Amino acid sequence: MKHVDHFASFLNETVNLNQTRIDTLQQRVGAVSSFLRQSEYKPTIRSFAAQGSWAHRTIIKPVNADGEFDADLVLYVDEVEGWNPKDYIVELRRVLWDHKTYGDKTSYKTRCVQIDYANDFHLDLVPIVVRNAGASGVQVCYVCNRAEDKFEQTDGSGFADWWLGRNQIVAGNDLLKAARIIKYIRDTKGTFSAKSVLLTTLIGNQVWDADRFSNSLFVDVPTTLKTIVGRLDEWLQAHFELPPVYNPVLAGESFTRNWTQDQYENFRDKVHLYRNWIDEAFDERDNDASIQKWRRVLGEKFASGVAASRGVSVVAALAEGVARGQDLVAAVLQHGKQLLQRMPRVLPHVQAVPYLEAGSLRIIVDACEERYEGAPRGRRLESGDAIGSSSGIRFFARLGTGMPISPEYQISWQVVNTDRAAAEAGQLRGEFNPSKPHAERWEATKYRGVHWVQAFMIKNGRLYGQSERFFVVLI
């Protein structure tokens, strides 16, 4: 399912940079631009322009809500006779350094001067020298490399114009929104690295001129996301070796020149994985299961408002149908453990398995009471046994053969709570947790309800085996 409304809310509330921060950025850019025009900075400033994600309209909220973001401001300047490339940056910093507002906020970078507005954003001021090339009067732009003291040709506003042209083909700004979501996946998952200009180019290359005549594959944000990632995956799978990805408006400039083969292969694998997850979420017809699958891609903040209420209602409906109004704990105590086999696996607060399957080994989970972590171990528990609250349980994972699990594999534990007490405490959970120590996990028993734990055997991000659900009935 597409969940167009949930995507709109997800963008507005989680992905997009807050409008107040954009307003602050524009105000401070206006102030520094006004200062520089009136300053003694020697080069004549022709104009200022946004660059990078700000110009491409793909800037997103930092991963940490109070984190800092980056914005680039270009100064198009005339060439100064006798100046070396580094002079444009050194002199720019000197002028800023002498100002009471900017002095202690500035620092050098290779091709710019950075102003650090603490706890808000970094503004990179990038001088670009404009020259007229030959009798034709064509303007050529050069960025200044301070470290190597050399000019490097750049495309000026060409890349931004190309990117926004790709967006016009898609219409509705859905390409911009899909690009923000892809950058959000990169930043929040941290499973691959790709500079924004490279990622933006790869995304833009998946929009074809022929799409002008039929936009059925770009009718909304989730459809656009599915189309872009699907096309990108197919292109990547056709290139095992690291291919050059050229600047579409500056011949000879490859954005993959600083990428390694290992980085490329990792990116290729992750895009393939996320493409499959997106397709599964998009094609899933059950509402709750589809939300769960989208969360595997986008995280728990997607459609976050439906988790607790729907998670409770699904279990409550099961209990009512089985026990005529009793809660689920009472139903299990009255009708027996066999009722637990009717517990739904797909609940909105239960994360989908985030690992690519590589094997199907059988894992067994054992458990015993352990009143507090590190306490002497008590009675052995079977799946579905009832236990009182204010206690604790130690879980152990082993191979189905009875042999211990090799330390080369990690055991990840999914802990799922249900029923009203956990929901009201905001502790329905459903996330994956590490072992402590290897192949073990201790959990406190706090909330009346029927809960479960499941063990997953992982190596290098791939799933080699998993257990059945181990149910715990807290009374």
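In the predicted model, the sulfur of Cys-144 lies 11 Å from the closest cysteine sulfur, that of Cys-112, too far for a bond. The same separation holds when Cys-112 is taken as the starting point, since its closest cysteine sulfur is the one in Cys-144, at 11 Å. A disulfide is a covalent bond between the sulfur atoms of two cysteines. Because a disulfide requires two cysteine sulfur atoms within 2.5 Å, the pair does not qualify, and the count for the structure comes to zero disulfides. Both cysteines are nevertheless buried: Cys-144 has a relative accessibility of 0%, and Cys-112 has a relative accessible area of 6%.

The protein chain as a whole contains 13 helices and 17 strands. Its C-alpha atoms fill a box of roughly 90 × 55 × 45 Å along the principal axes. Of its 475 residues, 51% count as buried. The accessible surface amounts to about 22,300 Å², and carbon and sulfur atoms account for 48% of that area. Contacts across the sequence were also examined: among those between residues at least 6 apart, 67% join residues at least 24 apart.

Helix 2 spans residues 19–38 and comprises 20 residues. From its first C-alpha to its last, helix 2 reaches 29 Å, close to the 28 Å expected at 1.5 Å a residue. The buried residues of this helix are Arg-21, Leu-25, Val-29, Val-32, Ser-33, Phe-35 and Leu-36. Viewed down the axis of helix 2, these buried residues fall within an arc of 160°, and they therefore line one face of the helix. Thr-20, Gln-27 and Gln-38, by contrast, are exposed on the other side of helix 2.

Charged side chains were considered next. Side chains of opposite charge can pair when their charged atoms come close. A search of the whole structure finds 36 salt bridges. One of them joins Glu-148 and Lys-150, whose closest N and O atoms are 3.1 Å apart. Glu-148 is exposed, with a relative accessible area of 51%, while Lys-150 is partly exposed at 36% relative accessibility.

Another salt bridge is formed by Lys-226 and Asp-279, with 3.7 Å between the closest N and O atoms. This pair links distant parts of the chain, as Lys-226 belongs to helix 8 (residues 221–237) and Asp-279 to helix 9 (residues 261–283), 53 residues apart. Lys-226 is partly exposed at 25% relative accessibility, whereas Asp-279 is buried at 16%.

In a further salt bridge, the side chains of Arg-394 and Glu-370 meet at 2.9 Å, N to O. Arg-394 is part of strand 11 (residues 391–399), and Glu-370 is located in the loop between strand 8 (356–369) and strand 9 (380–381), so the pair ties together parts 24 residues apart in sequence. Both partners are buried: the relative accessible area is 5% for Arg-394 and 1% for Glu-370. Elsewhere, salt bridges that share partners join Lys-226, Asp-233, Glu-234, Arg-275 and Asp-279 into one network.

Two residues illustrate the surroundings of individual side chains. Arg-296 is found in helix 10 (residues 287–298) and is buried, at 13% relative accessibility. With residues up to four places away in sequence left out, Arg-296 touches Lys-189, Trp-277, Glu-280, Ala-352, Val-353 and Pro-354.

Val-77 is placed in strand 2 (residues 69–78). Its relative accessible area is 0%, and Val-77 is therefore classed as buried. Apart from residues up to four places away in sequence, the contacts of Val-77 are with Tyr-41, Pro-43, Thr-44, Ile-45, Arg-46, Tyr-88, Ile-128, Val-129 and Val-130. The C-alpha atom of Val-77 is 49 Å from that of Phe-282, a residue 205 places away along the chain.

Definitions and conventions:
Residues numbered from 1 in each chain as written. Predicted model: local features only at pLDDT ≥ 70, side-chain atom pairs only at ≥ 80, totals over all residues. Heavy atoms only, no water. Helix = DSSP H or I, 4+ residues; strand = E, 2+ residues; numbered from the N terminus. Expected span 1.5 Å × (residues − 1). Buried < 20%, exposed > 50% of the residue type's maximum accessible area, 1.4 Å probe, protein only. Arc of directions from axis to C-beta. Salt bridge = Lys/Arg side-chain N within 4 Å of Asp/Glu carboxyl O. Contact = heavy atoms within 4.5 Å. Areas by Shrake-Rupley, 256 points an atom, 1.4 Å probe, with all protein chains shown as cover.
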